[in-house]
Amino acid sequence: MTQGPVRVRIAPSPSGYLHVGTARTAIFNWLLARHTGGQFLVRIEDTDRERSKPELIEPILDAMRWLGLDWDEDIVYQSRRLDRYNAFAEQILKAGHGYRCFCTAVELEASRVQARAEKGATKYDRRCLALSEDEIRRRTEAGQPYAIRIRIPDGDTKFTDMVSGELSRHSDDIEDLIIARSDGTATYNLAVVVDDHEMGVTHVIRGNDHITNTFKQIHLYHALGWEVPQFGHLPLILRPDKKKVSKRLGDKDVNQYSHEGILPEAMFNYLCLLGWNPKTDREIYTRDELIQIFTPEYLNAANAVFDEEKLEAFNREHIMRRSNHDLAVLVAPMLVEAGLTTKYWLETRWKYLCDVIGVLKERVRRLNDFAAIGGYFFTFEGKYDDEAASKNFNDEAAELLAALAAHIEGLGDLTLENAEQAVNAVAETGGVKKAKVIHPTRLAISGMPAGPGLYDIMALLGRSAVLDRLRRAIDYIRTKQRA
RNA sequence: GACCCCAUCGUCUAGUGGCCUAGGACGACGCCCUUUCACGGCGUAAACACGGGUUCGACUCCCGUUGGGGUCGCCA
């Protein structure tokens with residue numbers, strides 16, 4: 001499909017962090033902009049003074065930067081455009097598309113409660129639309145506060161959604177929404193329409209929880225005499241319990257995944273395939289590949305459950321695609337934070353770090369796993385896995401370890417080859433199977449029951465560290481046997 | 001409750017009337033590889049919600065039912 005350049009936007013409100021739902025909406029918008037050579041814009045919807053928190057803006061932008069979602073123009077802050085919106089509310093009122101509503105919030109709430117009780121729709125009953133000119137003038141002059149509502153014309157409202165096709169709703173089911181509050185400030189729907197129009201947004205792609213708003217906003221475009229943009233309503237991302245992801249329900253901040261060792265390209269790739277797919281059996285793509293192949297036609301209409309296990313599977317694939325050096329840059333601070341080593345030590349032994357990552361790489365799902373399963377490459381305190389120790393540490397093992405240590409002492413540097421030869425020799429002279437030597441040795445030098453190939457570990461650790469740990473294990477076994 | 005959206009394995013999905021005895025991926029299970037754990041390879045279990053139509057023929061089209069989700073604020 002060929003499509004001209006689009007102007008799209010993501011419009012988060014700083015009342016919380018960026019969760020995967022918003023992140024995925026941002027990704028699709030960004031992808032469409034990049035695919036068509038258009039612009040991706042960011043607007044901060046911070047008109048709610050009570051709930052917006054300025055300090056939440058940076059974390060949201062950080063999460064976007066982490067995902068590689070760069071924007072093309074200055075960020076638009078609605079809070080700085082408040083004055084701009086009021087004029088348009090007035091314009092709608094003067095043009096006869098709106099009317100003053102003197103109902104108080106308390107009254108409105110009461111009639112909603114009543115409507116619910118009577119099991120009906122809770123739409124505004126338009127009582128203020130029936131007010132006479134005189135009555136309106138009288139109340140206005142008396143200083144009675146009023147909100148401005150737009151009057152929804154009779155008939156069906158229709159639009160063609162990029163995801164779901166023809167969508168329509170009868171005017172009876174669209175409320176005469178308030179566009180300006182009684183304190184004069186504009187409400188969300190008006191602000192959005194004014195901004196999208198003035199920012200030149202051509203395609204509005206957002207969650208399908210906005211469908212109701214879209215019908216309302218279409219009437220605002222009409223009342224203002226503006227061209228209506230294309231709309232696309234994405235299916236929602238659901239939690240495993242099938243509720244839509246939300247801050248309320250404690251869903252994770254996208255930044256948190258970064259701290260938990262998820263690679264940004266993995267998150268990007270996984271999210272992109274939730275609700276969209278390339279119509280092939282391939283699932284792993286780079287960001288650039290996705291820009292190439294992305295087309296909104298392949299957007300799904302059904303909601304999708306977010307599965308962290310599958311995210312991890314994507315993460316593993318992307319970890320395998322990164323160079324050891326790249327991974328080292330990301331893993332180094334994690335090792336330091338875990339108290340396993342220091343920044344300085346790693347900097348002077350960068351090659352070693354890369355080699356360690358090389359042997360650990362394929363048994364890791366998240367970046368944090370490197371520290372969790374490979375700590376012994378940096379620090380070893382003589383702690384042995386309990387189960388493995390009771391199984392592998394016995395008198396016979398102590399003797400074999402001693403024989404191995406003796407053999408290694410006669411060696412120069414430990415290499416993959418002579419490490420293997422050493423183990424073979426010890427097994428042979430001891431008249432036991434290799435496994436009898438290998439398992440205690442692994443436990444002795446790593447403390448772990450599982451991990452990379454033993455010779456890899458030995459060669460990496462080096463002669464003196466291996467000897468130290470061997471002797472330490474022998475002591476450990478002997479003192480334990482005596483006790 | 002009203003309105004709207006949606007409906008293929010547990011999960012993400014392919015499928016646009018015959019290529020379907022429904023394909024792939026994650027997860028699960030088993031086998032092989034192997035010093036362990038992974039990786040890799042091979043394989044198994046696992047789905048078209050239901051009922052009516054339309055048609056020579058429906059997973060695919062239409063209607064209804066059921067189920068799930070969303071929205072119903074002078075919040076965004």
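Trainee: In this predicted model, what makes β5 (residues 147–150) and β8 count as paired strands?

Mentor: There are 2 bridges between β5 and β8, and pairing requires at least two, so the two strands count as paired. They run antiparallel. Within β8, alanine 180 is the residue that stands opposite isoleucine 148.

Trainee: Which strands are the edge strands of the sheet with the order β4-β5-β8, and what makes them so?

Mentor: They are β4 (98–101) and β8 (178–180), each of which pairs on one side only. The sheet is open, has 3 strands and shows antiparallel pairing. On average, neighbouring strands in this sheet are turned by 45° against each other, direction ignored.

Trainee: What is the pairing in the sheet with the order β1-β2-β3?

Mentor: The pairing is parallel in this open sheet of 3 strands. Its edge strands are β1 (7–10) and β3 (76–77), and each pairs on one side only. Strand β2 (residues 39–44) is joined to β3 by 2 bridges in the parallel sense; with at least two required, β2 and β3 therefore count as paired. Arginine 43 stands opposite valine 76 in β3.

Trainee: What makes the direction of helix α1 (residues 20–36) roughly parallel, antiparallel or otherwise to that of β1?

Mentor: Helix α1 packs on the sheet and touches β1 and β2. Its direction makes about 165° with that of β1; angles over 145 degrees count as roughly antiparallel, so that term applies to α1 and β1.

Trainee: How many disulfides does a search of the whole structure find, and why is cysteine 128 without a bond to its closest cysteine sulfur?

Mentor: The search finds 0 disulfides. For cysteine 128, the closest cysteine sulfur lies in cysteine 103 at 3.5 Å; a disulfide requires sulfur atoms within 2.5 Å, so this pair is too far apart for a bond.

Trainee: Why does cysteine 128 count as buried or exposed?

Mentor: Its relative accessibility is 4%. Buried means under 20%, so cysteine 128 is buried. Cysteine 272, at 0% relative accessibility, is buried by that criterion.

Trainee: What describes how α17 and α19 stand to each other?

Mentor: The axes of helix α17 (residues 395–409) and helix α19 (residues 434–446) cross at roughly 80° and come within 9 Å. The range from 65 to 115 degrees counts as roughly perpendicular, so the two helices receive that description. In the contact, Glu396, Ala397, Leu400, Leu401 and Leu404 of α17 meet Lys436, Val437, Pro440, Thr441 and Ala444 of α19. By class, this contact has 7 nonpolar, 1 polar and 2 charged residues.

Methods
Residues are numbered from 1 along each chain as its sequence is written. Chains are lettered from A and ligands numbered from 1 in the order in which they are written. This is a predicted model: local features need pLDDT of at least 70, side-chain atom pairs count only at pLDDT 80 or more; totals for chains, interfaces and linings use all residues. Side-chain values use heavy atoms; hydrogens and water are left out. Helices (H or I, at least four residues) and strands (E, at least two) are DSSP runs, numbered from the N terminus. Axes are lines fitted to C-alpha atoms, for helices over the stretch in contact, and angles run from 0 to 180 degrees between N-to-C directions. Buried means under 20% relative accessible area, exposed over 50%, partly exposed in between (1.4 Å probe, protein chains only). Contact means heavy atoms within 4.5 Å. Angles under 35 degrees count as roughly parallel, over 145 as roughly antiparallel, 65 to 115 as roughly perpendicular and the rest as oblique. Ala, Val, Leu, Ile, Met, Phe, Trp, Tyr, Cys and Pro count as nonpolar, Asp, Glu, Lys and Arg as charged, and the others, Gly among them, as polar.
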